[in-house]
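Me: Please take a close look at one part of this model: its aromatic rings. I would like the geometry, the burial and the surroundings, with cut-offs.

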Amino acid sequence: MQPQPQTEPVPVLEIRGLTQNFGGLRAVSDFNVELGKNQLTGLIGPNGAGKTTVFNLVSGFYQPSEGMIQVGGVPTAELKPHKISALGVARTFQNIRLWNDMSVMDNIRVAQHYRLGYGFFHSAVRSKRYRRREEEITREATELLDIFELKKYADEYPRNLPYGTQRKLEIARALSIHPKLLLLDEPAAGLNSSDIRELIRLIRWIHGQFDVTIWMIEHHMDVMMELCTHIKVIDFGQTIAEGVPDEIRNHPAVITAYLGDDKI
Ligand SMILES: Nc1ncnc2c1ncn2[C@@H]1O[C@H](COP(=O)(O)OP(=O)(O)O)[C@@H](O)[C@H]1O
Ligand SMILES: [Mg+2]
């Protein structure tokens, strides 16, 4: 048999020379990253460093001032957020964004509708195909709530749930679209220490169970040190360090950037 030619696997996410200006402010400057399949990596930096802006650029909320972003080899410039989500990018938000006037179950169901992209026609005439997919969506949503131990809250409104449970629901909802890339923006924010322990277990479990690359922003360094195999540090939009957790913990530039920040 002929040996197969070795081809480089296409990165799940590739960012080159990403720059974002807001008026006179350069929030992100010449940012580069390459994430492979099933990696679990981190992005840290002091408040205002540009971390969330990077996630907003990847998910298409902003158009980059300069640079290139590719998801699975597909350039995302000009793509609207729902198209980028259809490429397999899901995210959670620093400030939880759940649909509070819908039940927990419907939060998951609606996210899946986006994935399956129903047209008005099918829902209006309630075609057979529509009904079948509806059943499939409900079955899958029930399954997801079950494995996230959220089934007992299925009919509740998200705002009535404990904060830690809302965070968990937001992650479950993100996973319901079967993402290849999951962006978590400060998932431990506002959680107490026992919720944080649970979150660490949850993220580790998701990483083991799902075929997904996870890229997370987090201020709680213990979370990052435990979970991430690689961490990138930015300050004032610029990359100041990157490496394995131990390198980052002791990196002089990181210590300087965080000086006065008691979270590290
Ligand atoms: N839509 C926007 N318009 C103007 N400035 C913004 C906008 N979004 C973020 N910024 C600014 O960009 C910088 C980086 O913000 P952000 O990415 O939210 O930081 P981080 O998530 O690291 O705390 C901050 O100075 C912030 O005020
Ligand atoms: Mg942020």
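Reply: What follows goes through the ring pairs, then the charges over rings, then one helix residue.

This is a predicted model, where local features need pLDDT of at least 70, side-chain atom pairs count only at pLDDT 80 or more, and totals for chains, interfaces and linings use all residues. Residues are numbered from 1 along each chain as its sequence is written, chains are lettered from A and ligands numbered from 1 in written order, and side-chain values use heavy atoms, without hydrogens and water.

A pair of aromatic rings is described by the distance of the centres and the angle of the planes. Here rings of Phe, Tyr and Trp (its six-membered ring) pair if their centres lie within 6.5 Å; planes under 30 degrees apart are stacked, over 60 edge-to-face, and the rest tilted. The count comes to 6 aromatic pairs.

Take Phe-55 and Trp-215. Their ring centres are 5.2 Å apart and the planes stand at 50°, so this pair is tilted. It links distant parts of the chain: Phe-55 belongs to helix H1 (residues 51–58), Trp-215 to strand S8 (residues 213–217), and 160 residues separate them. Helices (H or I, at least four residues) and strands (E, at least two) are DSSP runs, numbered from the N terminus. Both Phe-55 and Trp-215 are buried. Buried means under 20% relative accessible area, exposed over 50%, and partly exposed in between (1.4 Å probe, protein chains only). Ring pairs also join Phe-31 with Phe-55 and Trp-215 in a cluster.

Next, Trp-205 and Phe-210. This pair is edge-to-face, with 6.0 Å from centre to centre and 75° between the planes. Trp-205 is partly exposed, at 33% relative accessibility. Phe-210 is partly exposed too, at 21%.

Now the charges. A charge sits over a ring if NZ of Lys or CZ of Arg is within 6 Å of the ring centre and within 35 degrees of the ring normal. Arg-173 places its charged end over the ring of Trp-99, 4.4 Å from the centre. Arg-159 lies over the face of Tyr-157, and its distance to the ring centre is 5.0 Å.

Back to helix H1, which also holds Thr-53. Thr-53 has a relative accessible area of 12%, so it is buried. Contact means heavy atoms within 4.5 Å. Beyond its neighbours within four places in sequence, Thr-53 is in contact with Gln-20, Phe-22, Ala-27, Val-28 and Tyr-62.
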